Amino acid sequence: MACRDLTRAESAADEIRQSTGNGNVVVRHLDLASLYSIRQFTKEFLETEERLDILINNAGVMMCPRWLTEDGFETQFGVNHLGHFLLTNLLLPKLKSSAPSRVVTVSSIAHRGGHVDFDDLFFSRRSYSSLESYKQSKLANILFSGELARRLKGTGVSSFSLHPGVIRTELGRHVHGWFPMLGTLLSLPSLLLMKTPTQGSQTTLYCALTPGLEQLSGRYFSDCAEKETSPEGRDAVAARRLWEESARLVGLRDTC
């Protein structure tokens, strides 16, 4: 378990150990808002772990104010996309040596209507919109997952992206500040219509564990079934450009 908050991570790990009887649950610090943290985590992981069968890119920031990561990236794009991009690329040697293996990236239905603005990825010149920023980062997740699948074809490493559903978690904590009416709705009985965390994890588990899914590498899933992305999510030219720009931003010279 690679987590930013070690106290909460250890609490979750203890719950897993007790509920499953499996004591082999390891917690390590990882802050996807820090390229230094990502590099430190992957260095230690590669030195100490023999295998990496499944990598689940699950971290997310949703509709926060215009914050910057320690490396100067707009937070939603920096955490949701660039952090996962660097993490995955640095772990690829272990994923390849452990093949067949999988990379599962949690995106969102919010990618629909999203646009990757290559001229202003971090809202430095245009007015900041927390919603547009979130959509851009979730579209980037899908483009990254598809391009990763293309680049890894024939290696035994599969790549999938997914929409987990609307889940009752703390992810929407910033929604109240930007959209009070939407925040109020999320606080009303409509909460009962949202998925529980257990229900919301099912599509992630489906992509990670379903036998024979390798032939669908690069595809997008929702409710444990393959679904079609928005037209923007199928733009191969944008996916390649995003990959190249992401590698430049995180200082990664050698990619797959």
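Start by selecting Ala238, Ala239, Leu242, Trp243, Ser246, Ala247, Leu249 and Val250: these are the buried residues of helix α9. Now turn your view to look down the axis of α9; the buried residues sit within an arc of 165°, so they line one face of the helix. Keep in mind as you go that this is a predicted model.

**Around helix α9**

Next, colour α2 (35-48), α3 (75-97) and α4, because you will want to see what the buried residues of α9 pack against, and these three helices are the answer. Then swing round to the face of α9 turned away from its buried side, where you will find Val237, Glu244 and Arg248, which are exposed.

How far apart are the end C-alpha atoms of α9? Select residues 236-250 and check: they are 21 Å apart, which agrees with the 21 Å that 15 residues should span at 1.5 Å a residue.

Both ends of the helix deserve a stop. At the start of α9, show the side chain of Asp235: one of its oxygens comes to within 3.1 Å of the backbone nitrogen of Val237. Just past the other end, click on Gly251, which has a positive phi of about 75°.

**A histidine in α3**

Now pick His81, a residue of helix α3. Is His81 buried or exposed? Its relative accessibility is 1%, so it counts as buried. Show its surroundings and leave aside residues up to four places away in sequence: His81 touches Gln76, Ser137, Ala140, Asn141, Phe144, Leu242 and Ser246. Two of these names may look familiar, as Leu242 and Ser246 were in your opening selection of buried α9 residues.

**On to strand β5**

Select residues 157-163 for strand β5, where seven of seven residues are buried. In a regular strand the side chains alternate between the two faces of the sheet. Here, Val157, Ser159, Ser161 and His163 lie on one side, with Ser158, Phe160 and Leu162 on the other, and both faces are covered.

Which strands pair with β5? Add β4 (residues 101-106), which pairs with β5 in the parallel sense over six bridges. Look for Ser101, standing opposite Val157 of β5. Then add β6 (residues 220-222), also parallel to β5, with three bridges. Here Ser222 is the bridge partner of His163.

For the last stop, show helix α4 (residues 130-151) together with β4 and β5: the three make a right-handed β-α-β unit. You have met α4 before, as one of the helices that the buried residues of α9 pack against.

Methods
Residues numbered from 1 in each chain as written. Predicted model: local features only at pLDDT ≥ 70, side-chain atom pairs only at ≥ 80, totals over all residues. Heavy atoms only, no water. Buried < 20%, exposed > 50% of the residue type's maximum accessible area, 1.4 Å probe, protein only. Helix = DSSP H or I, 4+ residues; strand = E, 2+ residues; numbered from the N terminus. Pairing = 2+ DSSP bridges. Right-handed = clockwise from strand over helix to strand, strands pointing away. Expected span 1.5 Å × (residues − 1). Arc of directions from axis to C-beta. Contact = heavy atoms within 4.5 Å. Polar contact = N/O pair within 3.5 Å; in protein donor to acceptor, adjacent residues only side chain to side chain.
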